[in-house]
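Colleague: I've got the model open on my screen and a few things to ask before I head back to the bench. Can we go through it together?

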Amino acid sequence: TKWAGSLPKYPHTNLALQNFDATHKLQLEEAWPSVRASMLCEQKYGALVNNFTNVEGAMAQLQFQGCRDFVSWTVSEAAREILQPAASSHNNPSSLESVVVDQGIVPASLSQNIKCLVFPRGDISRFKPSRPDENGLLGYYLMDAASILPALALDVQEGHSVLDLCAAPGGKALALLQTQAIRFLCVNDVSVGRTLRLRRVLASYIPKDLLTEDKLRVTSFDGRKWGEMERDTFDRVLVDVPCTTDRHSLMEEENNIFSRARTKERQRLPQLQLELLMAGIQAVRPRGVVVYSTCALSQMQNWYVVERAIHLAQEELGISLQVADLRPLTQLFKETFNFAPDPYLGQLVLPHLTANFGPIYMCKLKRIN
Amino acid sequence: RLYCSIQNQTSTQHTTQQHLQMGRELSVQALLDMGFTDTQADQMLERANKDGAGQSEHATSTLMVLFVLGLNPSTVLKVLEKCPELFCVKGTHLEQRIDNLRRLGLLEGSLQRVVSHYPQILTLPYKRLNTVARFLKEKCAFTVQQVTDIFRDSPAVAHCDLGQLEYKFQYAYFRMGVKQSEIVKSKLFRVPLDEIRCRHCFLERRGLYQTPDKKGQTLIVNPQLNDFLAVPEETYLTEVAIATQEEFEVFQKLMEREWLEQDDGQERGMES
Ligand SMILES: C[S@@+](CC[C@H](N)C(=O)[O-])C[C@H]1O[C@@H](n2cnc3c(N)ncnc32)[C@H](O)[C@@H]1O
């Protein structure tokens, strides 16, 4: 009719909305209306800059349009505030960076070299699609800027081996590769079709000589089996699980997880997520780090899964885990993202009209033994 | 008829009549005699001479008709400042139009208020007004009394494009599920369509407004149209939407773009 398009009027998106109204309202209380309206409006993107192309060119072009790298911008802002009196002696950025880390302004445990440009708060401008350079590589990858956070939190260091257990279509894997610190990256996704897409994404951003078998492995296994296949191996494991993809479920009718046909699958998500996280915990080496993330708001898929995994790991595998404090990270990026106040375990980015990123949940676990 | 009504006026108006008979052009003296103060007379002449309207052969008769309607000099001045076009409308036409407003149900008091708030209504041929009235009755199923109320509260509807009027009505009636009586009560036609849609959609997306189903039922209690349309934005935000100014500002920008693209039927292909 004349009035279409203003609200999800199709059955599946409507089912999703009804479900969220019932569950998220209880969980988020007075914050729910604001989150709800944000998820029903156009989301904001971030441009993950590809360090393997002409970085300055891409950055200049994007900055000209009014956006800025929220990672380095926040870091230098924070530094400027604290270092005001000494500012003159730290003019060049590299020394600024080292001071920043030395003084603990920036949590040292952040993956380096990841640049993601966003338009400022309240600015609704859109990015133009990236065009290939002379080598056919694209200058930036458009994704929910909050999706960068789990990759940043993973704290990749020089020489690390990293497993991305559920990697397709590859946004976070791309972010991890930008660090140029990884010795070996294994990207996996159970879906063969999506793994193909992942391969295409990698090929459009990463030079061929970095995609050789000794540096990168692309697989299509059921991630839940990883614990049986490869234990105590990786320095870092990212477990970015399948979830109710809340924003997507409100906007896209097709292939919607809230369709009746997928009810069972949806109900089994927390169990699947738990098993994937357990596999990740087993795949990481002692003293290694696992980051668990979703793009859902539901507690059942977020801290509840983490809590059970910590418990199960201890009880059944004898693995002790420590929950890392992500507050330094949220403190640093609070201008760019709207974080949920006082989450119980992990951190949650709540969509907000002035900063319409997320939802993204993440929790960082350190394996003790 | 004109003569009769003049008989009922005060002595000021008798003098007025004399001056009208003497000359057609406005002069300070004539205006003073009509009861304007010095400053008012100056302002009036200035206004009238700005675009030559004062030279109109109808200028004095316009003033007279307004006096006859019962407006005082300062109101007449305001009316003509708002709408100098009236200087150029033939007196008999003005009378006809005023009579027509009476026929549409505007009683003394309301009639004067409408003319002083929205004198532009007198620039329209009476047939046009009747077309709008018929449209409201036939296309939007308002009662005769409701049509009167609409003209009284939102006289600017007279100038609206009927297509846009219909769109606004249908938006309220079908999309928001509001009945005619509430539409009238909320003075909906005073509010620009974009503002209606913005305030409504914002509430809807926040989960605070639902379009009633076929039986007229909703799962939540909708706020009254009256409470969120006819109030200042600040009240709307703090008391109904419970949101910040910044959020609403961004929302309006997003809506504008959504509607634009909807109208264009544009498809956007952003990779996710
Ligand atoms: C949220 S998406 C990952 C997004 C990706 N990390 C990125 O940043 O682009 C979740 C992925 O998990 C995959 N998946 C679902 N079940 C899986 C399983 N049992 N093992 C491995 N991957 C699985 C899905 O195919 C889907 O691509």
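Colleague: Which residues come nearest to the ligand?

Modeller: Keep in mind that this is a predicted model. There are 21 residues around the ligand, and they divide into 11 nonpolar, 5 polar and 5 charged. The ones that come nearest are Asp189(A), Arg194(A), Asp222(A), Gly223(A) and Asp240(A).

Colleague: Which residue has a polar side-chain atom 2.6 Å from an oxygen atom of the ligand?

Modeller: Let's sort the contacts by the kind of atom. Gly170(A) uses a polar backbone atom, 2.9 Å from a ligand oxygen. Gly223(A) brings a backbone N or O atom to 2.8 Å from a nitrogen of the ligand. The side-chain contact at 2.6 Å from a ligand oxygen belongs to Asp189(A).

Colleague: And how much of the ligand's accessible area does the protein cover?

Modeller: Take the ligand on its own and you get 600 Å² of accessible area. With the protein there, the share that is covered comes to 87%.

Colleague: Which helices each supply at least two residues of the shell around the ligand?

Modeller: Two helices of chain A fit that description. One spans 171-178 and the other 269-283. They're H7 and H12.

Colleague: Where is Pro169(A) found?

Modeller: This proline follows Ala168(A), and the peptide bond between them is cis, with omega near 0°. Most peptide bonds are trans. As for its place, Pro169(A) is in the chain A loop between strand S5 (161-164) and H7.

Colleague: What about Pro359(A), where is its place?

Modeller: Here too there's a cis bond, joining Gly358(A) to Pro359(A), with omega about 0°. In chain A, strand S11 covers 347-349 and strand S12 covers 360-367. Pro359(A) sits in the loop between S11 and S12.

Colleague: What is phi of Asn113(A), roughly?

Modeller: Asn113(A) belongs to the chain A loop between helix H5 (93-102) and S3. Most residues other than glycine have a negative phi. For Asn113(A), though, phi is positive, near 75°.

Colleague: Which strands are the edge strands of the open sheet of 4 strands?

Modeller: The order in chain A is S2-S3-S1-S4, with antiparallel pairing. S2 pairs with S3 (116-118) over 2 bridges, and Asp69(A) stands opposite Leu117(A) there. An edge strand pairs on one side only, which picks out S2 (68-69) and S4 (140-143).

Colleague: Last one: what is the volume of the largest cavity?

Modeller: The structure holds 4 cavities of 30 Å³ or more. The largest is lined by 17 residues, with Glu42(A), Gln43(A), Lys44(A), Ile124(A) and Ser125(A) nearest its centre. That lining splits into 8 nonpolar, 4 polar and 5 charged residues. The volume of this largest cavity is about 130 Å³.

Technical notes. Residues numbered from 1 in each chain as written. Chains lettered and ligands numbered in written order. Predicted model: local features only at pLDDT ≥ 70, side-chain atom pairs only at ≥ 80, totals over all residues. Heavy atoms only, no water. 1 Å grid on protein atoms, 1.4 Å probe; cavity = no way out; pocket = protein on both sides within 12 Å on 5 of 7 lines; lining within 4 Å. Points joined across faces, edges and corners; volume = space filled by probe spheres on them. Nonpolar A, V, L, I, M, F, W, Y, C, P; charged D, E, K, R; others polar. Near = heavy atom within 4 Å. Polar contact = N/O pair within 3.5 Å; in protein donor to acceptor, adjacent residues only side chain to side chain. Areas by Shrake-Rupley, 256 points an atom, 1.4 Å probe, with all protein chains shown as cover. Pairing = 2+ DSSP bridges.
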